[in-house]
Amino acid sequence: MRNLKYAILGILSRQPMTGYDMAKEFDRDMVQFWHAKTSQLYPELSRLTKEGLITFETSIKGECLERKLYSVTDEGMNELRSWLRKDEELPPTPKDTFRLRMFFCDNIDRAEVLELVESNLKRHQEKLSVLQHTWDAKTKDPDYGGQYGPQMSDKMLLHGAIMREENTIQWLEDCLEILREE
């Protein structure tokens with residue numbers, strides 16, 4: 001399944017955008033649950049255009065910079081809605097290099113494992129801090145996420161990202177406690 005296809009259709013369902021603006025959207029608002037490299041984005045935009053799911057208008061910016069403003073077609077919206085209505089099976093657990101290391105950590109000294117866990121814990125605490133700062137800034141607006149729409153979706157996913165980090169931090173703190181026993 002080409003999930004990037006549906007991410008792009010979803011972005012364009014909210015408003016027309018250039019490829020550059022879509023890349024920023026992936027880096028800013030979607031980064032907590034989805035990512036796409038620019039090298040993936042533009043070929044997918046080309047495929048979606050050929051499939052008739054999106055169109056673009058070309059404009060000139062400055063003296064010679066050509067910009068393509070993409071928008072979703074009716075066929076693209078139908079495809080997006082059909083995909084949104086699907087109830088998927090749970091995907092396999094994503095690969096996690098850190099947890100793989102922890103599975104085999106008994107092959108190095110406990111002190112080294114403690115350092116790895118503490119370092120990982122610090123990174124997750126920093127990530128949680130950024131997420132909480134974003135939450136605090138957004139929830140200052142009393143209307144944020146109150147009505148069904150993009151802000152409500154954003155609020156639900158931001159809340160989920162915060163919970164994910166809190167749970168990971170709790171697990172890492174538990175790991176430190178286990179490693180320090182004896």
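Of the 182 residues of the protein chain in this predicted model, 30% count as buried. The chain has seven helices and two strands, and, when it is read along the sequence, these elements follow the pattern α-α-α-β-β-α-α-α-α. The radius of gyration of the protein chain is 21 Å, well over the 16 Å that the globule rule gives for 182 residues, so the chain is more spread out than a compact globule. Along its principal axes, the C-alpha trace of the protein chain spans about 65 × 45 × 40 Å. If only contacts with a separation of 6 or more are counted, residues 24 or more positions apart account for 60% of the contacts in the protein chain.

## How helix α1 packs

A good place to begin looking is helix α1, which covers residues 3-14 and packs with helix α2, residues 19-28, at an angle of about 105 degrees, their axes being 11 Å apart. Angles of 65 to 115 degrees count as roughly perpendicular, and α1 is therefore roughly perpendicular to α2. On the α1 side the contact is made by L4, A7, I8, I11 and L12, while α2 contributes M22, E25 and F26. By residue type, the contact of α1 with α2 divides into seven nonpolar residues, no polar ones and one charged.

Helix α1 also packs with α3, here at an angle of about 80 degrees and with the axes 10 Å apart, which makes α1 roughly perpendicular to α3 as well. The residues that form this contact are L4, K5 and I8 of α1, together with Q40, L41, E44, L45 and L48 of α3. They divide into five nonpolar, one polar and two charged residues.

The two packings can be set side by side in a small table.

| Helix pair | Angle | Distance between axes |
|---|---|---|
| α1 and α2 | about 105 degrees | 11 Å |
| α1 and α3 | about 80 degrees | 10 Å |

## The nonpolar cores

Which residues touch the most other members of the largest nonpolar core? Of the 22 residues in this core, they are I8, L12, M22 and F26. The elements α1, α2, α3 (38-50), β2 (65-72) and α4 (74-84) each supply at least two residues of the core, and the largest share, seven residues, comes from α1. For I8, leaving out residues up to four places away in sequence, the residues touched are M22, L41, E44, L45 and L48. Apart from the largest core lies another core, of 18 residues, among them F98, L114, C175 and L176.

## Two glutamates and a serine

Some individual residues fill in the picture around these helices. E25 lies in helix α2, and it is one of the residues through which α2 meets α1. Is E25 buried or exposed? A residue is counted as buried when its relative accessible area is under 20%, and E25 is buried because its relative accessible area is 12%. When residues up to four places away in sequence are not counted, E25 touches I11, M17 and M30.

E44 is found in helix α3 and takes part in the contact of α3 with α1. With a relative accessibility of 3%, E44 also counts as buried. Leaving aside its neighbours within four places in sequence, E44 is in contact with R2, L4, K5 and I8. Of these residues, L4, K5 and I8 belong to the α1 side of the contact between α1 and α3.

S13, whose place is in helix α1, is partly exposed, with a relative accessible area of 33%. Which residues does S13 touch, not counting those up to four places away in sequence? They are V72, M77 and L80. The stretch 65-72 is β2 and the stretch 74-84 is α4, so that a reader following the numbering will find V72 in β2, and M77 and L80 in α4. Finally, the C-alpha atoms of S13 and R123, which are 110 residues apart along the chain, are separated by 34 Å.

Technical notes: Residues numbered from 1 in each chain as written. Predicted model: local features only at pLDDT ≥ 70, side-chain atom pairs only at ≥ 80, totals over all residues. Heavy atoms only, no water. Axes fitted to C-alpha atoms, helices over the stretch in contact; angles between N-to-C directions. Helix = DSSP H or I, 4+ residues; strand = E, 2+ residues; numbered from the N terminus. Parallel < 35°, antiparallel > 145°, perpendicular 65-115°, else oblique. Contact = heavy atoms within 4.5 Å. Nonpolar A, V, L, I, M, F, W, Y, C, P; charged D, E, K, R; others polar. Core = buried A, V, L, I, M, F, W, Y, C linked by side-chain atoms within 4.5 Å. Buried < 20%, exposed > 50% of the residue type's maximum accessible area, 1.4 Å probe, protein only. Rg over C-alpha atoms; globule rule 2.2 N^0.38 Å.
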